Amino acid sequence: MVNQNRNPKWFDEGYRHIWMPYTQMGNSPLPEAVKATEGVRIFLENGRDLIDGVSSWWTACHGYNHPTILAALSEQLQTMPHVMLAGLSNEPAFNLARRLAGLTPGDLNRVFFSESGSVSVEIALKMAVQYWRNLGQHDRNKFVAFRNAYHGDTIGTMSVSDPDELMHRPFAGMAPQQFILDLPVDQISEQKILSFLEEQAEQCAGIIVEPLVQGAGGMIFHDPRTLAFLREACDKFNLILIFDEIMVGFGRLGTMFACEQANVVPDIMTLSKSLTGGTIALAATIATDRIFEAFATDKIEDCLMHGPTYTGNALACAAANASLDLFESEPRLDQIKKIETHLKQSLEPCRQISGVVDVRVWGGIGVVELSSLGDMHWMRQRFIQEGCWVRPFGNVIYLMPPYIINADDLARLTDATLKITHEWSVKFGNVN
Ligand SMILES: Cc1ncc(COP(=O)(O)O)c(C=O)c1O
């Protein structure tokens with residue numbers, strides 16, 4: 001293992017006390033000790049550096065340490081890192097709400113801030129249920145969600161994620177029961193949903209979906225037509241449509257928001273990940289005027305009953321405003337187009353390798369789907385040896401680099417992917 005010999009004191013003293021995410025602490029390789037970040041690079045304590053091929057869990061869209069975001073953070077830090085939002089207000093949060101309302105399509109005009117993607121989805125679910133209760137419909141408590149979906153790790157979000165995914169399997173039976181159906185990708189699956197809704201729609205508050213790409217469930221793409229179908233079904237059966245844009249929002253698929261490609265406006269949208277350009281935790285749940293108006297009455301019990309301590313955190317909102325400035329001042333969508341072109345050309349040869357099931361690219365996401373990963377740790381370590389930070393999972397190798405990556409660094413990521421896929425094929429390609 002690359003890292004074991006030269007770990008600093010803080011690592012050795014802290015490792016025996018930390019509990020790492022999604023990690024079998026009993027036998028996983030030790031994490032790399034990181035000293036600093038810059039641009040697309042992660043600098044390790046052992047003197048090496050890695051090109052980040054996954055933008056730190058899909059957040060660092062402008063690369064690390066972008067001076068515009070750092071300057072906004074340090075200025076905000078001097079004046080007011082945080083003040084509670086209930087009864088008080090702050091300029092970065094109000095500015096960000098206004099800007100997000102302007103940027104998102106249709107009349108998604110009301111922004112509720114929280115501090116993680118999962119919590120923003122929990123809020124979306126609560127918003128949908130309370131919307132119906134405020135209108136006197138108390139039986140609409142369930143949601144339709146989809147196989148291979150992933151919406152977070154909290155209990156409510158687990159309930160609308162695929163229950164068979166490794167991450168949620170240990171908790172089977174714990175979360176509330178929802179209706180988990182096949183994503184409507186053809187006439188047969190569309191018809192199944194329509195028949196289901198004929199029977200059950202009256203106990204449902206809404207439908208939740210990751211638009212265009214189901215991420216943590218396997219980087220599975222679907223046609224914009226699916227979103228148009230879900231919009232029509234929600235209109236027909238009077239359901240609230242929630243788009244979880246936490247992974248795909250802010251340009252990842254080549255448009256600012258994925259739903260633009262389907263010309264569909266959801267009733268509620270969730271955002272996080274790239275919202276602060278990968279600097280600080282922040283998430284947003286954005287509702288249309290119609291949803292908001294059902295809460296804005298003269299009865300206290302009608303108000304949205306949710307209030308995270310750090311909602312509207314000024315520091316995080318300042319970072320997000322700076323990130324939006326960068327989308328305005330730098331050619332992000334053009335950069336994503338270039339990444340897409342490169343990924344398409346250079347990952348395509350993987351398709352010829354024995355054991356590769358599919359190669360697919362959409363915007364700044366490139367996926368090589370394998371029959372199975374074989375040994376996930378072997379593969380992750382091989383990428384590190386090649387100077388790349390890439391985290392294959394399930395049966396996919398995927399790349400989601402920062403948008404500012406240059407052609408040489410991107411080629412290093414795709415060359416490494418091709419090389420390691422070849423090696424994998426020899427080592428594990430026949431193992432299913
Ligand atoms: C589509 C989607 N929704 C929700 C989440 C949960 O976000 P967080 O990890 O910030 O709670 C994720 C995280 O990967 C995600 O990809």
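Begin by selecting Asn-263, which in this predicted model is exposed, because 12 other C-beta atoms lie within 10 Å and a residue with 12 or fewer counts as exposed. Asn-263 sits in the loop that joins β10 (240-244) to β11 (268-271), and if you display its backbone torsions you will find phi near 55°, a positive value in a residue other than glycine.

A second residue with a positive phi is worth selecting next: Ser-56, where phi is near 50°, again in a residue other than glycine. Ser-56, however, belongs to helix α2 (residues 55-58), and it is partly exposed because 17 other C-beta atoms are found within 10 Å.

Now turn to two loop residues, each paired with a distant partner. Select Gln-177, in the loop between α6 (155-159) and β6 (179-181), which counts as exposed because it has 9 C-beta neighbours inside 10 Å. Draw a line from its C-alpha atom to that of Met-25: the two residues are 152 apart along the chain, and the line spans 30 Å. Then select Leu-30, which is placed in the loop between α1 (9-15) and β1 (34-38) and counts as partly exposed, since its C-beta neighbours inside 10 Å number 14. From the C-alpha atom of Leu-30 to that of Gln-76 the separation in space is 36 Å, while in sequence these residues are 46 apart.

The next stop is a pair of helices. Show helix α7 (residues 187-200) together with helix α8 (residues 224-237), whose axes lie 11 Å apart and make an angle of about 15°. Because angles under 35 degrees count as roughly parallel, α7 is roughly parallel to α8. The crossing in which α7 passes α8 is right-handed. To see the contact itself, display the side chains of Glu-190, Ile-193, Leu-194 and Leu-197 on α7, and those of Phe-229, Ala-233 and Phe-237 on α8, which they meet. Coloured by class, this contact of α7 with α8 shows 6 nonpolar residues and 1 charged residue, with no polar ones.

For another helix pair, hide these two and bring up helix α4 (residues 91-103) with helix α10 (residues 314-329), where the packing angle is about 40° and the axes are 8 Å apart. The two helices, α4 and α10, are therefore oblique to each other, and their crossing is left-handed. On the α4 side select Pro-92, Ala-93, Asn-95, Leu-96 and Arg-99, and on the α10 side select Ala-314, Cys-317, Ala-318, Ala-320, Asn-321 and Leu-324, which are the residues that meet them. Sorted by class, the contact of α4 with α10 comprises 8 nonpolar, 2 polar and 1 charged residues.

Finish at the ligand. Which residues come nearest among the 14 around the ligand? They are Gly-117, Ser-118, Gly-152, Ile-246 and Met-247, so labelled in the viewer they give a useful starting selection. Colour helix α5 (residues 117-134) next, for this helix supplies 3 residues, the largest share of the shell around the ligand. When the whole shell is coloured by class, 7 of its residues are polar, 5 are nonpolar and 2 are charged.

Key: Residues are numbered from 1 along each chain as its sequence is written. This is a predicted model: local features need pLDDT of at least 70, side-chain atom pairs count only at pLDDT 80 or more; totals for chains, interfaces and linings use all residues. A residue is near a molecule or strand if its C-beta atom, placed from the backbone, lies within 6 Å of it. Helices (H or I, at least four residues) and strands (E, at least two) are DSSP runs, numbered from the N terminus. Ala, Val, Leu, Ile, Met, Phe, Trp, Tyr, Cys and Pro count as nonpolar, Asp, Glu, Lys and Arg as charged, and the others, Gly among them, as polar. A residue is buried if 20 or more other C-beta atoms lie within 10 Å of its own, exposed if 12 or fewer, and partly exposed in between; C-beta atoms are placed from the backbone. Axes are lines fitted to C-alpha atoms, for helices over the stretch in contact, and angles run from 0 to 180 degrees between N-to-C directions. Angles under 35 degrees count as roughly parallel, over 145 as roughly antiparallel, 65 to 115 as roughly perpendicular and the rest as oblique. A crossing is left-handed if the near helix is turned anticlockwise from the far one by less than a right angle, and right-handed if clockwise. Two residues are in contact if their C-beta atoms, placed from the backbone, lie within 7 Å.
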